[in-house]
Number of protein chains: 8
Amino acid sequence: MNTELKQILEAVKAGDMSVDDAALKIKEEPFVDLGYAKVDMQRKMRQGAAEVVYGAGKTAEQISGILKAMKDRGQSPVLVTRMDSEKAAVVLKEHPDLYYNGQARIGILGKVPEPDGIGRIVIATGGTSDIPVAEEAALTAEVLGNEVLRLYDVGVAGIHRLLAHMEYVMDASVIIAIAGMEGALASVIGGLADCPVIAVPTSVGYGASFNGLSALLSMLNSCASGVSVVNIDNGFGAGYCASQINHMEAKK
Amino acid sequence: MNTELKQILEAVKAGDMSVDDAALKIKEEPFVDLGYAKVDMQRKMRQGAAEVVYGAGKTAEQISGILKAMKDRGQSPVLVTRMDSEKAAVVLKEHPDLYYNGQARIGILGKVPEPDGIGRIVIATGGTSDIPVAEEAALTAEVLGNEVLRLYDVGVAGIHRLLAHMEYVMDASVIIAIAGMEGALASVIGGLADCPVIAVPTSVGYGASFNGLSALLSMLNSCASGVSVVNIDNGFGAGYCASQINHMEAKK
Amino acid sequence: MNTELKQILEAVKAGDMSVDDAALKIKEEPFVDLGYAKVDMQRKMRQGAAEVVYGAGKTAEQISGILKAMKDRGQSPVLVTRMDSEKAAVVLKEHPDLYYNGQARIGILGKVPEPDGIGRIVIATGGTSDIPVAEEAALTAEVLGNEVLRLYDVGVAGIHRLLAHMEYVMDASVIIAIAGMEGALASVIGGLADCPVIAVPTSVGYGASFNGLSALLSMLNSCASGVSVVNIDNGFGAGYCASQINHMEAKK
Amino acid sequence: MNTELKQILEAVKAGDMSVDDAALKIKEEPFVDLGYAKVDMQRKMRQGAAEVVYGAGKTAEQISGILKAMKDRGQSPVLVTRMDSEKAAVVLKEHPDLYYNGQARIGILGKVPEPDGIGRIVIATGGTSDIPVAEEAALTAEVLGNEVLRLYDVGVAGIHRLLAHMEYVMDASVIIAIAGMEGALASVIGGLADCPVIAVPTSVGYGASFNGLSALLSMLNSCASGVSVVNIDNGFGAGYCASQINHMEAKK
Amino acid sequence: MNTELKQILEAVKAGDMSVDDAALKIKEEPFVDLGYAKVDMQRKMRQGAAEVVYGAGKTAEQISGILKAMKDRGQSPVLVTRMDSEKAAVVLKEHPDLYYNGQARIGILGKVPEPDGIGRIVIATGGTSDIPVAEEAALTAEVLGNEVLRLYDVGVAGIHRLLAHMEYVMDASVIIAIAGMEGALASVIGGLADCPVIAVPTSVGYGASFNGLSALLSMLNSCASGVSVVNIDNGFGAGYCASQINHMEAKK
Amino acid sequence: MNTELKQILEAVKAGDMSVDDAALKIKEEPFVDLGYAKVDMQRKMRQGAAEVVYGAGKTAEQISGILKAMKDRGQSPVLVTRMDSEKAAVVLKEHPDLYYNGQARIGILGKVPEPDGIGRIVIATGGTSDIPVAEEAALTAEVLGNEVLRLYDVGVAGIHRLLAHMEYVMDASVIIAIAGMEGALASVIGGLADCPVIAVPTSVGYGASFNGLSALLSMLNSCASGVSVVNIDNGFGAGYCASQINHMEAKK
Amino acid sequence: MNTELKQILEAVKAGDMSVDDAALKIKEEPFVDLGYAKVDMQRKMRQGAAEVVYGAGKTAEQISGILKAMKDRGQSPVLVTRMDSEKAAVVLKEHPDLYYNGQARIGILGKVPEPDGIGRIVIATGGTSDIPVAEEAALTAEVLGNEVLRLYDVGVAGIHRLLAHMEYVMDASVIIAIAGMEGALASVIGGLADCPVIAVPTSVGYGASFNGLSALLSMLNSCASGVSVVNIDNGFGAGYCASQINHMEAKK
Amino acid sequence: MNTELKQILEAVKAGDMSVDDAALKIKEEPFVDLGYAKVDMQRKMRQGAAEVVYGAGKTAEQISGILKAMKDRGQSPVLVTRMDSEKAAVVLKEHPDLYYNGQARIGILGKVPEPDGIGRIVIATGGTSDIPVAEEAALTAEVLGNEVLRLYDVGVAGIHRLLAHMEYVMDASVIIAIAGMEGALASVIGGLADCPVIAVPTSVGYGASFNGLSALLSMLNSCASGVSVVNIDNGFGAGYCASQINHMEAKK
C-alpha cells in the first residue's frame with residue numbers, strides 16, 4: 001500500500017501522471033457498483049481468499065447479477081452462502097455451471113482448488129442434526145483450499161464415540177466443533193486437542209436452547225483454553241477462520 | 001390422612017370428641033406461628049426429612065427464634081442454609097451448640113445421623129471455585145443420612161481427571177454434578193453414568209456466564225438422558241433431591 | 001470396566017491376544033457408524049435402559065436407517081422421540097411394526113416391558129394443553145418398565161382438583177409435575193409430596209410466558225425442596241429420570 | 001372540570017374577570033415549583049388520596065423541602081416511600097413529627113385516618129423475607145384508610161399454612177399476595193379467593209430468580225382469573241391499588 | 001365453609017350421616033372429570049362469576065365436550081376465550097346456539113346478563129391495532145354483568161384525543177388501558193383518573209417492542225399510582241379483574 | 001395557542017361567542033372519529049408535516065376508510081407505512097390514485113412536494129439486504145420535502161466502499177445509517193461526519209443478531225458522538241427525524 | 001479534503017514538497033499519542049465541536065495527562081464527562097482552572113461560549129431523580145454554544161405539570177426528554193411538539209425497570225414520530241445531538 | 001498416545017511389566033491431587049503451552065499451594081490469571097519470585113521465553129479503558145513465546161487513528177481486537193486485515209452496553225469474515241488462541 005502510494009506520487013513528480021489522475025487513482029473504488037450492491041473485486045488480492053456472496057436477504061436476481069459481474073471480471077471460485085433452494089433454482093437458470101448443495105445451502109461457481117494448507121481441518125458435530133451447518137463449514141473450507149475430515153455425531157452424551165477417534169483429534173491442524181443443545185463438545189475437544197478450536201453453536205434443540213443461545217453461551221464460557229467462537233449456525237465463518245489459520249505458514 | 005380423618009369422625013360419632021373439637025382438629029395448624037414465620041413442626045412426619053431453615057432474608061434474631069421454637073419441640077437435626085458468618089456469629093451466641101461451616105454457609109443443630117441410604121452420593125465439581133456450593137450439597141446430604149464422596153476439580157477441560165475416577169462414577173447411587181462457566185460436566189457425567197444425575201449450575205465465571213445463566217442453560221439442554229437440574233448455586237436442593245433418591249428403597 | 005480391561009491384559013500376557021488386537025479392543029467402538037450417525041449399541045448394557053432415537057432434526061430416512069441398524073442388532077424396545085406425523089408416515093412404510101402416538105410424537109419399536117419399578121410414577125398436568133408433553137413422559141416411562149398414573153388438569157387455579165387426589169400424590173414413587181404458564185403446580189406438589197418430584201415446564205401460554213420461560217424459572221425457583229427440573233416440553237427427559245429413580249432398588 | 005371552566009367563562013362574560021386573568025386561571029399550575037420538584041397540591045382533590053413522595057433518587061434535603069411545602073399548605077397525611085434510614089435521619093431533624101418505619105422504609109407525616117373502606121385488606125406473604133415489602137403495602141393501605149390483616153409466611157411449599165387461614169382469605173375485600181422465588185402464592189390465592197387479588201413479586205431469591213423476574217413472570221402468567229400485578233417489590237403500589245378498590249362504594 | 005363442615009359433623013353426630021359418607025362428602029370433587037379436563041362446576045358458587053373455558057391448546061372436540069358437560073349441568077353463561085375461527089366452526093356445529101366473535105376470538109353460550117355493577121368500565125386503546133384485545137376485554141366484562149364504554153385509538157402521540165374525552169375518564173368506575181408499542185397510555189390515564197386502572201400491554205408493534213415486552217415493562221414501571229397490570233394481550237384477565245372491582249359493593 | 005385561546009375569550013367578552021360555544025370550541029376535537037380510529041386532521045397544522053397512517057395491524061378496509069376521510073378533508077400528501085402488498089391490492093381498488101412501493105411497503109396519496117430542506121439527506125446501508133428499510137426512509141423523507149442521496153452496500157467489512165464516497169458523507173445535511181448484523185456502520189459514519197446521524201438497526205442477520213437486537217445495542221452504545229437511534233427496521237421514523245432536522249432553518 | 005489532497009499533490013508536482021514528505025503528510029496522524037490514548041487534535045476542525053474526554057475507565061492521571069496535552073495545543077473549551085468526584089479531586093490539583101460539577105460529573109476546561117444556535121434547547125425530566133442526567137445534557141449543550149431551558153419534574157403521572165408549560169414546548173428548537181421508569185415522557189412530548197425530540201432513558205426506577213431497559217424500550221417504541229433515542233443515562237450524547245441540530249443553519 | 005499404549009502392552013507381553021502395573025499405568029492420573037484442585041502436570045506435554053492457573057474463585061492459599069506443587073515438579077513458566085492485588089500480596093509472601101502485574105491482574109512464575117512464533121501479534125483496543133484486558137492478552141501471549149505490538153485507543157469513532165497504523169495491521173500474523181461499547185473495531189479490522197482476528201468484547205461502557213453484551217453480540221455478528229470471538233473481558237483466552245495460531249508452523 002505504502003509502495004503503491006509512493007509509486008503514484010513518483011509518477012506525479014515525474015510528470016507521468018496528472019494531478020487529477022493521481023487524486024482519482026488514490027480514491028479509486030476497488031469494486032463494481034450494481035446499485036443494490038458494491039461488489040468487491042479486490043478482496044482476493046487484499047485478503048487472499050475466494051470471493052463470497054452472502055445470499056440471505058438478497059433476491060435471486062441480485063445474486064445472479066453479482067455472480068455475472070464477478071464472472072465478467074474473472075473472479076473464481078466464487079462462493080454463495082445461505083442461498084435456499086428456491087433462489088438456487090432461479091440462479092441456476094442464469095448460471096447453469098453453478099454447483100449447488102442444498103443441505104449446506106451453498107453454491108460454488110468455478111473450480112475448487114487443491115488443498116494447500118498446513119494440515120487437515122477436522123469438523124466434528126455433536127449430533128446428526130448439526131450436519132447442515134457442518135457441511136457449510138466443510139464446503140467453505142474446501143473452496144478455500146483445505147483438506148477436510150468429517151467426524152459427525154460424536155457428542156459428549158456418548159463420549160466414547162469421540163475418544164474412539166482421538167487420533168483424528170490429535171492430528172488435526174484446526175478443529176471446528178459444531179454443536180447445539182448444551183454445546184459441550186467444544187470444551188471437551190478444547191481440553192483434548194493441542195490445536196486451535198473454532199466453536200460453532202447451532203440452533204439445534206428446543207425449549208431452553210433458545211435457538212442456539214444455550215450453546216453459544218456454553219462455548220463462550222468454555223473452561224478449555226484455545227477455543228474461539230463464531231455466530232450461531234455460522235458454518236461459513238468457522239470454515240473461513242479455520243482456513244486462514246491452516247494457511248498461516250504461507251503468509252510471510 | 002384418610003385414616004386420621006376417619007378416626008376423628010369415629011370419635012365424634014362415639015361421643016369421644018365434641019363437634020367443635022373435631023372441627024378444630026381437622027383444621028389444626030401443624031406449625032408454630034412466630035408472627036414473622038410459621039414454623040413447620042410436621043414436615044419430618046410428612047416428608048421424612050430433617051427440618052430446614054432458609055437463612056437468607058431472615059435476620060439473625062429470626063433465625064435464632066425459629067431454632068429455639070424447633071429445639072423446644074424436639075426437632076433434630078435442624079439445618080440452616082445460606083447463613084452468612086455475620087448472622088452465624090449472632091446465632092451462635094444464642095445457640096452455642098450449633099455447628100457452623102462458613103464455606104458452605106450452613107449451620108447444623110443436633111446430631112448428624114448415620115448414613116442409611118441405598119448407596120453413595122458422589123459430588124463432582126468442575127473446578128475449585130465450585131467447592132462452596134458442593135459443600136452445601138455435601139453437608140445437606142450428610143445431615144439427611146447419606147454417605148458422600150467428594151470428587152472436586154474434575155472439569156471437562158481436562159477430561160482425564162474425570163476418566164481417572166470412573167470407578168466412583170460407576171459405583172455411585174446418585175451423582176451431583178456441579179459446574180459454572182459452560183457447565184459441560186453434567187452432560188459428560190450424564191453420558192458416562194448409569195444412575196440419576198442432579199446438575200447444579202454455579203455462578204462461577206465472568207462475562208457471558210451471566211452469573212450462572214450459561215451453565216444453567218447448558219445443563220437444561222443436556223443431550224444426556226437422566227439429568228435434572230436445580231437452581232443456580234442451589235447446593236442444598238441438589239443434596240436434598242439426591243437424598244430422596246438415595247432413600248427410595250426405604251419407602252414402601 | 002476395570003475387570004474387562006484386566007481380562008484383556010491377562011489375555012495379552014497369556015499370549016491369547018495379540019498386542020494389536022488388544023489395542024484395538026480397548027479402543028473398539030461400541031457403536032455402528034452410519035456416516036450421519038454413530039448408533040450406540042451398548043447403552044442398554046452400560047446404562048440399563050432402552051435405546052432412544054431423538055427424531056427432531058433427523059430426516060425420516062435417517063430415522064429409518066437407525067431403526068434398521070438397531071433391529072439388525074437385536075435392540076428392543078427402541079423409542080423414537082419428537083417424530084412428527086409426516087416423518088412417522090415415511091418411517092412406518094419401512095417399519096410397519098412401529099407403534100406411533102401422534103399426540104406424544106413418539107414411536108416405539110418392540111415390546112413394552114412389564115412394570116418392574118419400585119412403585120408408581122404419577123404424572124400430573126396443570127391443564128389440558130399440557131397433555132402432549134405428559135403423554136411423551138408417560139410413554140417413555142412405560143417403555144422403560146414403569147407403572148404410570150395420569151392425573152391431568154389439576155392446576156393450582158382450582159387447587160381442590162389436586163387436593164381431591166391427594167392419595168395418589170401420597171402413594172407415588174416419583175411424581176412428574178407438568179405445567180405451563182406460571183408453573184406453580186411443581187411447588188404445590190413439591191410441598192405436599194414426600195417423594196422426588198421432576199418438574200417439566202411447558203410452552204403452554206402466551207405473552208409473558210415467553211414460550212415456557214416463565215414456567216421454567218418458576219420451577220427452578222421452587223420454594224419446595226426435592227424438586228428438580230428438566231428442559232421446557234421435555235417429557236421424555238422427565239420420564240427417563242423418573243424411571244431411573246423408580247428403579248433404584250434394583251441397582252446394587 | 002367542565003363546571004370550573006364554565007364558571008370562569010361566565011365570569012369573563014359578566015366582566016367579573018379580565019381576559020388575561022381568565023387565560024392565566026385556565027393555565028394555572030396546580031403545584032408548587034421547588035425547582036427540583038413540582039409538588040402536586042391538588043392530587044387529593046383530584047384523586048382522593050393522601051399525598052405521596054417517592055423518596056428514592058431524591059436527597060434528604062429535597063425530601064425535607066417537599067415535606068415543608070406540603071405542610072405549609074396543609075396537606076396531611078403525607079407518605080414518603082423508599083426512604084432509607086440515612087435519609088430518614090436527616091429528614092427527622094427537620095421534621096421531628098415524622099413517623100418512620102425502617103423495615104418498610106416509609107415515613108408518615110400527619111395522622112393516619114380511621115379505616116373507612118368496604119372491608120378488610122389481607123396481605124399475605126410467601127415467606128419471612130417478603131415482610132419488608134408487605135409492610136410497605138400495609139402501611140400504605142393504612143395511611144389511605146384501610147383495615148389490614150397480615151398473613152405472613154404462608155407460601156405454597158407448605159400449603160396447609162395457607163389453608164389453615166382460609167377464613168381470612170374468604171372474608172377479604174382485597175388480597176395482596178406477595179412472594180419472591182417462584183411467586184406461586186398469587187395463583188393459589190387467586191384460585192381460592194372470590195375477591196380481587198393484587199400480586200407483588202419480590203426480589204427475594206437467588207440464581208434464576210433474577211432479582212424477581214421469576215416471580216414477576218409467574219404472576220403475570222397466573223392461570224387464576226382476577227389477579228393483576230404490580231412492579232417487583234412495589235408494596236406501595238399494591239397498597240394504593242387495594243385501597244382504591246376497597247373504597248369503590250364511596251365513589252358515586 | 002366452616003358452616004358446611006360443622007353441618008356435616010353435626011349430621012354424623014346425630015347419626016344422620018355415616019362416617020364413610022361424611023368422609024366422602026368432605027373430600028367430594030366439585031368438578032366433572034372428562035379425562036382430558038376436570039371441569040369446575042362450583043366456581044360460580046365459589047367466586048360468583050360465569051364459567052370460563054380457555055380455548056387455546058384445547059382441540060375443538062375438547063371444547064365441545066366441556067361445553068356439553070356444562071350445559072348438561074345448567075351452567076350459564078359460559079365464556080370460551082382464545083378460540084380461533086377454525087375451532088369455532090367445529091364447535092358451532094355441535095353448539096349452534098354459541099355466539100362467536102371472531103375479532104375477539106370469544107364464544108358465549110347462554111344469555112349475557114344485565115349490567116349490575118357499581119358503574120361503567122371504560123376500555124381505552126392506544127391504537128386501532130389494539131382493538132381485538134380490547135374487544136376480548138369488553139365482551140368478558142359484558143358477560144360478567146358490566147356496562148362498557150369503548151374509547152379506541154386515543155394513544156398519547158395525539159394526547160388531545162384523550163383529553164377530549166376526559167369526562168369519560170373522570171366518570172369511569174374502572175378503566176382498562178390497552179396499548180402496545182411503548183404502552184404510555186396506562187401512565188397518562190393513571191395520572192388523570194381517580195379510579196383503578198388495569199393496564200393491558202399488547203403485542204402490537206415491531207422491532208424493539210419484542211412482542212409486547214416493551215409495553216409490559218412500561219406499564220409495570222408506571223409512575224402513576226393505582227395501575228396494575230395483566231399479561232400481554234390478556235383482554236380476558238383485564239375484563240375479569242375490572243368486573244370484580246366493579247362489583248365490590250355487592251359483596252358483603 | 002395562547003393567541004387562539006385569547007381570541008376565543010375576547011369573543012366571549014365581546015358577546016360574539018356564547019359561553020357554551022366557547023367551552024365547546026376550547027374542547028373541540030381536532031380529529032374525525034371513525035370508531036376504529038380517531039383520524040388527526042390538524043397534525044399538519046400543529047407539526048408541519050404530511051399525514052401518516054401506520055398500516056400494520058389495520059385491515060385494508062380500515063386503511064381505505066382513513067384515506068377517504070383524509071381525502072374528503074383535503075389532506076395531501078398522505079403517507080401509508082407498513083402496508084403489505086395484499087392490503088395494498090385491496091386499498092388500490094378504492095384508491096387507484098395511490099402510489100404503492102412494495103419494497104418499502106409504502107403508499108403515497110397525493111403529490112410529493114419539491115425538496116425545500118436545508119441540504120441533502122444521505123441514506124447509507126451496510127448491505128443489500130438493508131435496502132427495504134432504506135427505501136422506507138427515503139420515500140418518507142421525499143414525501144416530507146427532502147432531497148435524498150442513496151448510498152447502499154457500504155458496510156464496514158469493506159470500509160474502502162465508504163471511504164470512496166467520503167464527499168457525500170461530508171456534504172450531507174443529515175445522514176441516516178442503516179445496518180443489521182453488528183451495526184458498526186453508524187459508529188464509523190458518526191466518527192467521520194460532522195452532521196447529525198440517525199442510526200437505524202435492521203433485523204438483517206441470523207443467530208446472535210437476535211432479530212436486530214445486536215445492531216440496536218451497537219448503535220445505542222456508539223462511541224461516536226452525535227448518533228441517535230430509532231427502533232429496529234424503523235425506516236419511517238428515521239426519515240421523519242431527518243426531515244425535521246433538515247427543515248430546522250425554516251422554523252422561526 | 002479533496003482540496004487538501006490536491007494541494008499536496010500540486011506541491012509535489014511543483015517540487016515544493018518531496019515525495020516522502022507528501023506520503024508522510026497524507027498519512028499524518030491528526031492526534032497526539034500518549035501511549036494510553038491517542039488524543040484527537042483535529043476534531044474541532046473536522047466536526048466543529050469542543051473536545052470531549054470520556055472520563056469513565058480512565059485514571060485521574062490519564063485524564064490529567066490528556067487535558068495537559070490539549071491545553072498545550074490550545075484546545076478550548078474541553079469537556080470531561082463521567083468523572084466522579086474522587087478523580088476530579090486529583091485532576092483539580094493539576095488543573096485548578098477546571099470547573100467541576102459533581103451532580104453532572106462533568107468538568108470543563110476553558111471558557112463556555114455564548115449561545116449561537118438557532119433557538120433554545122428545552123431539557124425536560126420526568127422526575128427529580130433524573131436531574132443528574134439532565135444536568136449532564138444541559139452543561140454539554142451550554143459548552144457547545146446553546147441556550148438551555150430546564151423543565152424538571154414534569155412526568156406524565158401529573159400531565160398538567162407539562163401542559164402548564166406548553167409554551168416552552170412549542171417554542172423549543174430541540175427538546176431533550178429525560179425519564180426513567182416507563183419513559184412515557186418522550187412519547188407525550190413527541191406528540192405535542194413540532195421540533196426534533198431526543199429521548200434519554202435513565203436508570204431511575206427499580207424492579208422491572210431493569211436499570212433503564214424499560215424506559216429505553218419505551219422510547220424506542222414511541223408511537224410519536226420524530227423521537228430518536230440515545231443510550232441509557234447518556235445526557236452527554238443527547239446534549240451533543242441537540243446542539244448539532246440547533247446549529248444546522250450555520251452549516252452551509 | 002497410541003504409541004504409549006502399545007509400549008505398555010508390549011511391556012506386559014514381554015513380562016517387563018505386571019498386569020496390575022499396566023492397568024495402573026493406563027489409568028494413571030497425570031495430575032497432582034491437592035484435594036481442592038487436581039493440578040495438571042502434563043498439559044505442557046500434551047498441548048505445548050505454559051501452565052495456567054485461573055485465579056478467580058480460588059483463595060490466595062489455594063493459589064500458593066498450586067504454584068508450589070508446580071514449582072516442585074519443575075513446571076515453568078506458570079501463568080496465574082485474574083488474581084487481584086489482595087490475593088497477589090499474600091501469594092507474593094510465599095513466592096517472592098512471582099512477577100505480578102496489577103493492571104492485567106496476572107502473575108508469572110518463571111522466565112518468559114523468547115518469541116518463537118510465525119510473526120507478530122498485534123493487540124488493538126478501541127479505547128483507553130480497554131487496556132487492562134489488552135494487557136492480560138499481551139502478557140499471556142508473551143509468556144507463550146510471542147512478539148506483541150500494542151496499538152491502543154484506535155476505536156472507530158476516529159477511524160483515522162486506525163488507518164494511520166495500517167502497516168501494523170497489514171503486517172500482523174494475528175490481530176486481537178479489543179473493544180467495549182459497540183465493539184465495531186473488530187469488524188473494521190476484520191475488513192482491513194488479511195490475517196485471523198480474535199475479537200474480545202469488554203465490559204467497558206454503561207447503560208445498554210449491559211456489561212459487554214452489546215460488544216459481544218456485535219463481534220459475533222461481524223459482517224467481516226475471519227473474526228472469531230472469546231468471552232467478555234477474556235484477554236487471556238484471546239492471547240492463548242492467538243499464540244496457538246502464531247505457532248502453527250511449528251506443529252508438524
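**Chain contacts, helix crossings and one salt bridge**

Modeller: Between chain A and chain H, the count of salt bridges is zero. The model is a predicted one.

Colleague: What makes chain A and chain H partners in contact, and how many residues take part?

Modeller: Contact requires heavy atoms within 4.5 Å. By that test, 38 residues of chain A are in contact with 38 residues of chain H. The two chains bury about 3,100 Å² between them, and carbon and sulfur atoms give 56% of that area.

Colleague: What are the values for chain B and chain A?

Modeller: Their contact takes 24 residues from each of chain B and chain A. The area buried is about 1,900 Å², with 69% of it on carbon and sulfur atoms. Across this interface the rule finds zero salt bridges.

Colleague: How many salt bridges does the rule find over all chains?

Modeller: The count comes to 54 over all chains.

Colleague: How do you know that D72(B) forms a salt bridge with K68(B)?

Modeller: The rule asks for a side-chain nitrogen of Lys or Arg within 4 Å of a carboxyl oxygen of Asp or Glu. In D72(B) and K68(B) the closest N and O atoms are 3.0 Å apart, so the pair passes the rule. Side chains of opposite charge can pair when their charged atoms come close.

Colleague: Where do D72(B) and K68(B) lie?

Modeller: Both are in helix α4 of chain B, four residues apart, which is about one turn of the helix.

Colleague: Why are α4(B) and α5(B) called oblique to each other?

Modeller: The axes of α4(B), residues 60-72, and α5(B), residues 85-94, come within 9 Å and cross at roughly 40 degrees. Angles under 35 degrees would count as roughly parallel, and 65 to 115 as roughly perpendicular. The angle of α4(B) and α5(B) is in neither range, so the two helices are oblique. Their crossing is right-handed.

Colleague: Which residues make that contact, and of what class are they?

Modeller: A60(B), E61(B), I63(B), S64(B) and L67(B) of α4(B) meet K87(B), V90(B), V91(B) and E94(B) of α5(B). By class there are five nonpolar, one polar and three charged residues.

Colleague: What is the handedness of the crossing of α6(H) and α11(H)?

Modeller: That crossing is right-handed. The axes of α6(H), residues 131-143, and α11(H), residues 235-246, come within 7 Å and cross at roughly 35 degrees.

Colleague: What makes three residues of the contact of α6(H) with α11(H) polar?

Modeller: Among the residues in this contact are T140(H) of α6(H), and G235(H) and G239(H) of α11(H). The contact has five nonpolar, three polar and one charged residues. Gly counts as polar, so G235(H) and G239(H) belong to that class with T140(H).

Methods:
Residues numbered from 1 in each chain as written. Chains lettered and ligands numbered in written order. Predicted model: local features only at pLDDT ≥ 70, side-chain atom pairs only at ≥ 80, totals over all residues. Heavy atoms only, no water. Axes fitted to C-alpha atoms, helices over the stretch in contact; angles between N-to-C directions. Left-handed = near helix turned anticlockwise from the far one by under 90°. Parallel < 35°, antiparallel > 145°, perpendicular 65-115°, else oblique. Buried area = accessible area lost by both parts, 1.4 Å probe.
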